[in-house]
Structures are given as structure tokens and as C-alpha cells.
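This report concerns charged side chains and their partners. The sequence and the model are shown first.

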Amino acid sequence: MINHIWGLLAHPGREWRNIDREKESITRLYAHHVLLMALIPVVSAFIGTTQIGWHLGGEAYKVAMPTAAALGIVFYILMLIGVAIMGNVIHWMSDSFASRPSRRRCIIFAGYVATPLFIAGIALLYPKAWLLLMVGIIALAYSARLLYVGMPAFLRIPVNEGLTISGGTLAIGVLVLELIIALTVALWGLGFDDYAVSWSLFR
């Protein structure tokens, strides 16, 4: 797993070809990559919200540990489902192409494309809105690069066709990510004394 992470960040084209040669299954993808990587934002958010707290208006709002643990589980499950959803979206969007990849390949592709977003979850250790926004934009940009490079290298979709899918997938991916974040923040608000504090994160 570590080799793939470094390879995707340092030389994505070569790493996509290495992943392709492994003939990985969805079960192995989740067991060796997604389940572990998704823990990064969950554990970081648990520590950040219980020990440091959300910084709003010069004040820090912390979440009770039992609440943070329960909501962390919800956040974790949503991310695991999100990977599968994005894999199916890619499979659906490639329906009109002669070189349409299998659903298995699309879900595996989505799992690895999400790597920068999982790593960016470290920023939740210090939950300040400006920091999360900055790190999130960088992570999305790198995920877009993995999409563009991986379409021909892993999914075997020509570059000209891959541009269409990459753009559409990125747009839908951002929407899915925003829905997960919005739902999680809304639920996380249950841990604040003032529920309305959670929604001020979007202002």
C-alpha cells in the first residue's frame, strides 16, 4: 500500500501501470488501501474536534468524545460508500465508449484517485476553516491529475475521451464530497452546546 501511495504522488503514470499489472480485486482494494486510508481523516477529525476544537469567532468549540467517536464511525462509513459511488459513476459515464472498463476497474480506480483526499484529512487535526479549504483545494487538484493520467494508463480510455469523463467525474466527485462533509458537519453539530455553531462553518 505504501508503495502505491508514494508512486501515485511522485510518478502517477508509472504507478497506474503497476497497479494495472496486479489485477487487484475490489475486496483487496478496500482491505489494503481504502479501509486504512479512510482512517486518516476520521482519526484526525476525532483528535482535532475533541482536543483542539473548531475555531470560530476567536473561540474554540469542542465535541464530546463519545459523540465524536459515534460521528467518526458515520464519517468513515460515508467515505467507504463514497468510493463505491464514484466508481459506479465512472463506469456509468464510460458507457458510450468502445473501450468501456469493467465496474471492478472503475471502483479500484476511484479508490486510488481518492488517495490525496484521504491524506489531506490530516489537516483536520487543526480544524480551522481556512486551512481545511486550502488543503482541500490542493488535494482536489492532485486527484484531478490522477484522474487525467489514470484514464489512459489504467482504464485504457483514450486521452481525448478521458477528458470528458475526468471533468464530469471531478464535478460529481466534488458534489459527493460536499454532501459527505455537510452531513458530517451537521451531525457533528450535535456535539456542540450550540447546534447552530456547526452551520457557521459554511459562512
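The text below covers the salt bridges and then one buried acidic residue.

The model is predicted, so local features need pLDDT of at least 70 and side-chain atom pairs count only at pLDDT 80 or more, while totals for chains, interfaces and linings use all residues. Residues are numbered from 1 along each chain as its sequence is written, and side-chain values use heavy atoms, with hydrogens and water left out.

**Salt bridges**

A salt bridge is taken as a side-chain nitrogen of Lys or Arg within 4 Å of a carboxyl oxygen of Asp or Glu. By this rule there are three salt bridges.

| Basic residue | Acidic residue | N to O distance |
|---|---|---|
| arginine 105 | aspartate 20 | 2.7 Å |
| arginine 156 | aspartate 20 | 2.8 Å |
| arginine 28 | glutamate 24 | 3.2 Å |

Asp20, Arg105 and Arg156 are linked in a network of salt bridges. Helices (DSSP runs of H or I, at least four residues) are numbered from the N terminus. The side chains of arginine 105 and aspartate 20 meet at 2.7 Å, N to O. Arginine 105 lies in helix α6 (residues 103-113) and aspartate 20 in helix α2, so this salt bridge ties together parts 85 residues apart in sequence. For the pair of aspartate 20 and arginine 156, the N to O distance is 2.8 Å. Arginine 156 sits in the loop between α8 (129-153) and α9 (159-188), so its pairing with aspartate 20 in helix α2 ties together parts 136 residues apart in sequence.

Burial is graded by relative accessible area: buried is under 20%, exposed is over 50%, and partly exposed is in between (1.4 Å probe, protein chains only). Both arginine 105 and aspartate 20 are buried; the value for aspartate 20 is 11%. Arginine 156, at 48%, is partly exposed. In the remaining pair of the table, arginine 28 is partly exposed at 39%, whereas glutamate 24 is buried at 3%.

**Glutamate 15**

Which side chain of opposite charge is nearest to glutamate 15? It is arginine 14, 6.5 Å away, and glutamate 15 is buried yet has no salt bridge. In this count Lys and Arg are positive and Asp and Glu negative, with His and the chain ends not counted.

Glutamate 15 is placed in helix α2 (residues 12-22). Its side chain makes a polar contact with the side chain of histidine 4 at 2.6 Å. A polar contact is a pair of N or O atoms within 3.5 Å; within protein, one must be able to donate a hydrogen and the other to accept it, and residues adjacent in sequence count only if both atoms are side-chain atoms. Leaving aside neighbours within four places in sequence, glutamate 15 is in contact (heavy atoms within 4.5 Å) with Asn3, His4, Gly7 and Leu8.

Conventions
Helix = DSSP H or I, 4+ residues; strand = E, 2+ residues; numbered from the N terminus.
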